[in-house]
Amino acid sequence: MNAKLKAERTGIIFLVLLIVSGAVLLYRGNDAVALGVAKKEGILTAEQVKMSFDSVSGRLVHQAVQEGDNVKKGDVIMELDATDTDLAIKKTKAQIAQLDAQIAGKSGSQQVSYQKADNDETQSFRQIDQQRAAVAAAAATLRNSELDYARKTSLVEAGAIARSALDDATTALEVAQANVAQQQQLLDRLLAGAQDTGTTDGLALPTIAQERADAANMGNDIAALEKQREQLLVSLDELQVKKERLVLRAPEDGKVLKVLAKEGEMVSQGTPVVLLESQRSYYDIYLSEEQAAGLSEGDEVTGTTVAGRKQVKGTIRLLTQAPGFADLKQSREKGQADLSAFLVRIYIEPTDGVQPGMTIGVNERAFAER
């Protein structure tokens, strides 16, 4: 009888506890949905960078890292075979040197041509001056011969001299006339079509002008060679950039998670060869409409690690409507209607002892206080 009574009392106690627990759940809201709203947690995730060779391909000849290695920004990760590129660079440099020699030769020839034109002009002016003097001398001789001829003609008519003297004067006159014509022809030849102004100042000789034009025309050849040189310099720059791209360097500090290519393999451009874990870490939490209403991108949020209870400061980088699976559909506990969830992505500041994979929670009060 006592055992039966004891069993009944025990059953009554459990029943009372069950009723009280139900009442607590009903009025305090400790169901799964209420707990999810009150406490938000997310897994800390590090951004991953897929590293690949940019615009180049070839055989992998050097692998500088292994999985698990920590690297700094600018560290060499891998290198492709640069033999063909080095040969192309050497060839292009030789072509540039050849053009430099041609440009220097043409420039020297042009300078010599200008100097020759100046010298020829000076010499031509000197010859013209000398020939003008020769023409003037011939003209003076001609005038004397004309006077002598006129005088002897008068004397012959007067019977003062013999006829033979007049013949000699006639011959001398004809020779003087021929000499003037000859000297004038030589002067005209030196002038080469230029108008004789009587002085060499400002005299433009066509032959000298042609020499200077030929010298100036060499400038076009030099300009063409310089354009070719510029094109080769651009090609050289492209080859230098290509050679730099044959060396894959770490874009930022991080940890090598996976090496996807090995030495000796052919690597295509744009194909990922290394998976790098960056130092940029974030975690996602889901909020209700009421909780997300007071937030905006750029707000600071402080979370707490589940392990170690460390405070972690972070900044909201993304606040957007969450995928449909995060919505609370047809959830009527405590009279709740359908709820739309919002995704909040929080990037944290580097903190000692906090690493990817850890769980970080943000208390409901952090959003209610806003």
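This report describes the fold of one protein chain, from its overall make-up down to single residues.

The structure is a predicted model, in which local features need pLDDT of at least 70 and side-chain atom pairs count only at pLDDT 80 or more, whereas totals for chains, interfaces and linings use all residues. Residues are numbered from 1 along each chain as its sequence is written, and side-chain values use heavy atoms, with hydrogens and water left out.

## The chain as a whole

The secondary structure of the protein chain comes to seven helices and 13 strands, where helices (H or I, at least four residues) and strands (E, at least two) are DSSP runs numbered from the N terminus. Of the 370 residues in the protein chain, 29% are buried; buried means under 20% relative accessible area, exposed means over 50%, and partly exposed lies in between, with a 1.4 Å probe and protein chains only. The accessible surface comes to about 23100 Å², and 51% of this surface belongs to carbon and sulfur atoms, the areas being computed by the Shrake-Rupley method with a 1.4 Å probe, with only the protein chains shown counting as cover for residues. Among contacts (heavy atoms within 4.5 Å) with a separation of 6 or more, 76% are between residues 24 or more positions apart.

## Helix 3

Helix 3, residues 83-158, has 76 residues and reaches 110 Å from its first C-alpha to its last, close to the 112 Å expected at 1.5 Å a residue; the expected span is 1.5 Å times one less than the number of residues. Gly159, which follows helix 3, has a positive phi near 75°.

## Strand pairing

Strands of a sheet pair through backbone hydrogen bonds, either parallel or antiparallel. Here, two strands pair if DSSP finds at least two bridges between them, and the table lists three antiparallel pairs.

| Strands | Bridges | One bridge pair |
|---|---|---|
| Strand 10 and strand 11 | five bridges | Gly303 and Val312 |
| Strand 11 and strand 12 | seven bridges | Gln321 and Phe342 |
| Strand 3 and strand 8 | two bridges | Gly58 and Val267 |

Strand 10 and strand 11 form a hairpin with five residues between them, and Gly308 in the turn has a positive phi of about 95°. Strands 3 and 8 also belong to an open sheet of four strands, which has the order 6-5-3-8 and antiparallel pairing. Strand 6 (247-249) and strand 8 (266-267) stand at the edges of this sheet, each with a single partner strand, so one side of each is left without a neighbour in the sheet.

## Strand 9 and its surroundings

Val274 lies in strand 9, residues 274-287, and is buried, with a relative accessible area of 1%. Apart from neighbours within four places in sequence, Val274 is in contact with Val49, Lys50, Met51, Ile77, Met78, Val256, Lys258 and Leu260. One of these residues, Lys258, is 16 residues from Val274 in sequence, while the two are 5.8 Å apart in space, C-alpha to C-alpha.

Rings of Phe, Tyr and Trp (its six-membered ring) pair if their centres lie within 6.5 Å, with planes under 30 degrees apart counted as stacked, over 60 as edge-to-face and the rest as tilted. By this rule the count comes to one aromatic pair. Tyr282 and Tyr347 form this tilted pair, at 5.3 Å centre to centre and with 40° between the planes. The pair links distant parts of the chain, since Tyr282 is in strand 9 and Tyr347 is in strand 12 (residues 342-348), 65 residues apart. Both Tyr282 and Tyr347 are buried. Arg317 lies over the face of Tyr347, at 4.4 Å from the ring centre; a charge sits over a ring if NZ of Lys or CZ of Arg is within 6 Å of the ring centre and within 35 degrees of the ring normal.
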